[in-house]
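Visitor: I have a model open beside its sequence, and I would like to learn how to read it. Could you walk me through a few features?

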Amino acid sequence: MNRLRFKRLAIAALLFGTLVDQSGIAQPPPDRLLVESADWPTDQVALASGEVLLGLITDESDATIELMEIRRPPGRPLYLVVRPLRRADVVQIKRLANEQRRRTAQRIAQFKNRAQIDAERISSVNLQGGQDGPLIYSGDWFRLESTLGEPTTRLLVVRLNQRFRAYRQVLPPREQHTQKPVGVFVFGSKERYRQFLEGLNLQVDNAAVYLADRRFVVAGSKLDATNAQLAQLAHRHRQLHDDLARLDRELPQRVAELEAALAEDGSSPQQIRSIVLATRQKWESQRNARAAAIAEADTANGQAYNRAVESLCRRLYHEAFHAYLDNYVFDPEKYDVPTWLNEGWAQLFEGGQLEADTLRIEAPAPECLQRLQEVLAADRRLSLEAVLSADQSAFLLAHGEGERSASRHYACAWGLAYYLTFVEPVSAEALQRYVEPLQGETPQDRFETLVGQPLGVFEERWTRAILSLSAPSDSAD
């Protein structure tokens with residue numbers, strides 16, 4: 001695959017059978033695994049310098065062109081840059097057709113207004129229950145029960161709906177299912193999470209889990225404690241703000257009292273003005289420093305909350321993918337998706353960049369790549385044969401050696417899914433056959449049919465390729 005094309009490739013559909021695009025119109029399946037419908041069609045502006053800019057021309061005259069440049073660094077969020085260009089510097093323009101232009105303009109507007117759109121979505125979430133029981137949301141794709149507060153629960157509903165819409169584009173539903181929407185149970189404390197699982201006679205150390213036999217996702221978090229701590233800090237900061245406001249109101253009176261005291265002591269008008277000015281400046285400096293410290297602490301507290309929510313969301317995205325795959329794509333009663341593939345895909349998709357409800361994945365996740373490279377460089381490597389034959393128990397975290405083994409299985413599963421999706425993509429037809437029920441083949445035989453080569457040969461190629469990969473840098477393109 002051309003490397004530039006590889007860098008720009010975006011997952012839109014892993015196809016088995018018929019692809020359904022966003023308009024709902026059935027499309028014939030292509031002869032490859034990936035389709036670039038997650039890419040943004042753009043105007044292309046070639047400059048005399050050799051640079052080619054991608055975006056949407058928003059204004060132009062005889063002398064200038066204004067381009068809304070669309071930048072999509074691999075593995076990082078999309079961002080927009082307004083580029084005023086001199087027409088004399090432009091050597092060629094390739095323009096979009098009208099319908100493509102309309103769609104790209106619409107997506108840019110959605111991207112620019114995403115905060116407002118998300119806020120409207122959050123406010124429109126319909127929740128039931130509450131008070132002494134969990135908050136409940138019922139939707140087309142999932143039913144959520146949450147012991148978290150209402151603001152966080154609303155946010156989770158919106159985020160999960162976005163992911164399910166994205167998964168639908170990545171892996172379109174294959175058939176009409178009669179199952180109820182996926183169940184999702186979210187707890188604000190690890191203790192309540194453990195109690196829930198113990199009630200099901202389960203002991204799992206994972207922070208979240210998909211229970212395939214019950215077709216629901218369960219996740220725990222520390223958000224109850226985080227929210228309680230942040231609420232105390234917010235209350236304290238409101239008190240400090242009130243104190244500062246009160247001192248502001250009292251300052252004129254205090255200055256007047258200071259001026260009177262200085263006059264009574266015989267200070268000259270010039271001395272009084274100088275002392276009062278110095279006192280005001282000192283007070284304002286102290287006040288501003290306190291206000292800045294409060295604002296900085298509020299920002300840090302908000303970031304701590306966001307990190308806790310994002311951590312919970314990533315776990316939910318991972319487990320929700322398992323649920324989506326079972327319930328809407330490959331019914332376990334009809335198909336046999338190997339555990340490594342299920343877990344590898346889940347890791348790929350949990351970290352994808354969401355752009356206007358479209359999932360974009362093209363660069364290796366740094367933490368996954370680093371862990372896998374460590375596994376492959378270790379003296380006692382986990383063999384691919386062991387990964388291919390591993391069942392779900394190998395991916396359930398436990399203490400000690402079990403935890404290390406699960407981590408290695410996860411790392412290899414991610415690496416296999418990434419490699420077969422981006423580096424040497426397998427065909428949709430081959431993958432379709434791969435997930436069909438076993439007919440006496442061993443996991444190794446099955447995999448060799450998928451990749452078209454002996455496992456030992458593949459493992460060598462795969463290992464060299466993974467060790468040569470590098471994660472995207474933090475610098476802009």
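Guide: Gladly. Keep in mind that this is a predicted model. Let's begin with a pocket: its lining has 21 nonpolar, seven polar and seven charged residues, and it is the second largest pocket.

Visitor: How does one find such a space in the first place?

Guide: The general idea is that rolling a probe the size of a water molecule over the atoms shows where empty space is left. In this model, the second largest pocket holds about 660 Å³ of space.

Visitor: Which residues lie nearest the centre of the second largest pocket?

Guide: Out of 35 lining residues, those nearest the centre are A212, T339, N342, E343 and Q392. You can also look at the lining by element: β12, α7 (269-329), α8 (339-350), α10 (384-389) and α13 (443-451) each supply at least two residues.

Visitor: Let's stay with α13. Which of its residues are buried?

Guide: They are R446, F447, L450 and V451. Looking down the axis of α13, you find these buried residues within an arc of 125°, so they line one face of the helix.

Visitor: And what follows α13?

Guide: G452 does, and its phi is positive, near 70°.

Visitor: How should I read a positive phi?

Guide: As background, most residues other than glycine have a negative phi. A positive value in another residue type is therefore something to look for. Here, N201 has a positive phi of about 60° although it is not a glycine, and R215 likewise has a positive phi of about 60° without being a glycine.

Visitor: Where do N201 and R215 lie?

Guide: N201 is in the loop that runs between α5 (190-199) and β12 (208-211). R215 belongs to the loop between β12 and β13 (216-219).

Visitor: Is N201 buried or exposed?

Guide: Exposure is read from relative accessible area, and a residue counts as exposed when that value is over 50%. N201 has 73%, so it is exposed.

Visitor: Can you show me a strand residue read in that way?

Guide: Try Q92, which sits in strand β7 (residues 90-94). Its relative accessibility is 54%, so Q92 counts as exposed.

Visitor: Which residues does Q92 contact, leaving aside its neighbours within four places in sequence?

Guide: Q92 is in contact with Q44, V45 and A46. Take Q44: 48 residues separate it from Q92 in sequence, while their C-alpha atoms are 8.1 Å apart in space.

How values were computed. Residues are numbered from 1 along each chain as its sequence is written. This is a predicted model: local features need pLDDT of at least 70, side-chain atom pairs count only at pLDDT 80 or more; totals for chains, interfaces and linings use all residues. Side-chain values use heavy atoms; hydrogens and water are left out. Helices (H or I, at least four residues) and strands (E, at least two) are DSSP runs, numbered from the N terminus. Buried means under 20% relative accessible area, exposed over 50%, partly exposed in between (1.4 Å probe, protein chains only). Contact means heavy atoms within 4.5 Å. On a 1 Å grid over the protein atoms alone, a cavity is a set of points where a 1.4 Å probe fits but cannot get out, and a pocket is an open set with protein on both sides within 12 Å along at least five of seven lines; lining residues have an atom within 4 Å of a point. Grid points are joined across faces, edges and corners, and a volume is the space filled by probe spheres set on the points. Ala, Val, Leu, Ile, Met, Phe, Trp, Tyr, Cys and Pro count as nonpolar, Asp, Glu, Lys and Arg as charged, and the others, Gly among them, as polar. The arc is that of the directions from the helix axis to the C-beta atoms.
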